[in-house]
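User: I should like to learn how strand pairing and internal cavities are read from a model. Could we work through an example?

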Amino acid sequence: MKKYVIASIVLCILATIGIVVYFSFPKGANKTKLVVEASDICLELDEHKKIEYECSIVEAVISFDVDDESVAYISAGAKGVEVVGKSTGNTTLTIVATYKKEVFEKEIKVTVVAKQERPEDSPESGENNPTTPPSDGNEDDGDLENPDADEKVPMQLIIPAENLVNCQVEGTVITVEILRKALFSISSDQNLTKEVVIINENTELTISEEKYVGNNTFSILASSRGEFEITIVLEGEYEFSYIVKVI
């Protein structure tokens with residue numbers, strides 16, 4: 001009988017120690033706090049500058065919003081998400097990080113200044129420039145003065161952040177939820193004269209144009225999770241590859 005009593009007492013002591021240890025350690029002490037760090041941006045008119053930022057949680061979904069798009073706007077460039085100077089002035093860029101139920105907003109100042117004249121841009125007189133070759137009287141010389149005059153400037157594709165519904169865009173990644181219809185619109189830094197075409201070869205995605213909502217507005221409905229590549233074509237010649245991430 002004594003053995004059973006002693007065993008019961010030992011078990012009670014061990015159980016008590018376990019409870020004390022459990023409640024002594026704070027829960028979620030190692031949980032990473034969602035934070036975004038970024039610096040103010042200064043750029044010239046028509047300059048494209050990549051938005052540099054650091055997020056404490058790599059898996060967080062990042063979106064961007066410019067307070068005054070008449071001063072600057074967001075564009076998806078080859079190196080990532082860029083801010084483009086449209087007119088001189090100041091505006092605010094908000095970087096929004098979302099992870100599960102946490103949301104963190106970081107505001108930075110964007111300053112757009114006039115283009116600075118560089119030495120190579122300064123006009124020089126032909127009479128005072130010893131490197132200027134003399135004219136040989138050939139009337140065709142004028143055609144060689146500006147060989148790049150007819151060269152077209154590549155278009156930049158823009159997905160305005162304020163037109164996103166049930167989705168978020170970070171660089172060239174569009175994040176949507178499975179079986180939840182998402183809407184986004186497409187524009188450019190140049191006038192669009194032809195319909196925007198989206199090439200989608202994924203049976204898991206249904207992409208449709210929603211003309212009743214607005215011009216160049218599209219919907220995405222995903223039937224399974226994963227990452228799927230689509231191609232957006234502007235003016236029939238400028239192609240942009242995007243990844244649709246379904247969570």
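Analyst: The discussion below covers two sheets and a cavity in this predicted model.

User: What is the strand order of the open sheet of 5 strands?

Analyst: A sheet is read from one edge to the other. Here the order is E11-E12-E19-E18-E15, and the pairing is mixed. The edge strands are E11 and E15 (197-199), each of which pairs on one side only. Between neighbouring strands of this sheet the turn is 30° on average, direction ignored.

User: In which sense do E11 and E12 pair, parallel or antiparallel?

Analyst: The sense of a pair is read together with its bridges. Strand E11 (residues 167-170) and strand E12 (residues 173-176) are antiparallel, with 4 bridges. Within this pair, Cys167 has Val176 of E12 as its bridge partner, and Gln168 has Thr175. The two strands form a hairpin with 2 residues between them. In the turn, Gly171 has a positive phi of about 65°.

User: How many bridges join E12 to E19, and in which sense do these strands pair?

Analyst: E12 and strand E19 (residues 238-246) run parallel and share 4 bridges. Thr175 has Lys245 as its bridge partner in E19, while Thr175 is also the partner of Gln168.

User: Which strands form the open sheet of 4 strands, and in what order?

Analyst: That sheet is ordered E2-E9-E8-E5, again with mixed pairing. Its edges are E2 (41-44) and E5 (61-66), each pairing on one side only. The twist averages 25° from one strand to the next. The pairing of E2 with strand E9 (residues 102-113) is parallel over 4 bridges, and Leu43 stands opposite Val112 in E9.

User: How is empty space inside a model found, and how many cavities of 30 Å³ or more does the structure hold?

Analyst: Rolling a probe the size of a water molecule over the atoms reveals where empty space is left. The structure holds 1 cavity of 30 Å³ or more. The largest cavity contains about 130 Å³ of space. It is lined by 14 residues, of which Phe64, Ile74, Val81, Ile159 and Val169 are the closest to its centre.

User: Which elements give two or more residues to the lining of the largest cavity?

Analyst: These elements are E5 and strand E6 (72-77). E6 gives the most, with 3 residues.

User: How do the lining residues divide into nonpolar, polar and charged?

Analyst: The lining of the largest cavity has 11 nonpolar and 3 polar residues, and no charged ones.

Technical notes. Residues are numbered from 1 along each chain as its sequence is written. This is a predicted model: local features need pLDDT of at least 70, side-chain atom pairs count only at pLDDT 80 or more; totals for chains, interfaces and linings use all residues. Side-chain values use heavy atoms; hydrogens and water are left out. Two strands pair if DSSP finds at least two bridges between them. Axes are lines fitted to C-alpha atoms, for helices over the stretch in contact, and angles run from 0 to 180 degrees between N-to-C directions. On a 1 Å grid over the protein atoms alone, a cavity is a set of points where a 1.4 Å probe fits but cannot get out, and a pocket is an open set with protein on both sides within 12 Å along at least five of seven lines; lining residues have an atom within 4 Å of a point. Grid points are joined across faces, edges and corners, and a volume is the space filled by probe spheres set on the points. Ala, Val, Leu, Ile, Met, Phe, Trp, Tyr, Cys and Pro count as nonpolar, Asp, Glu, Lys and Arg as charged, and the others, Gly among them, as polar.
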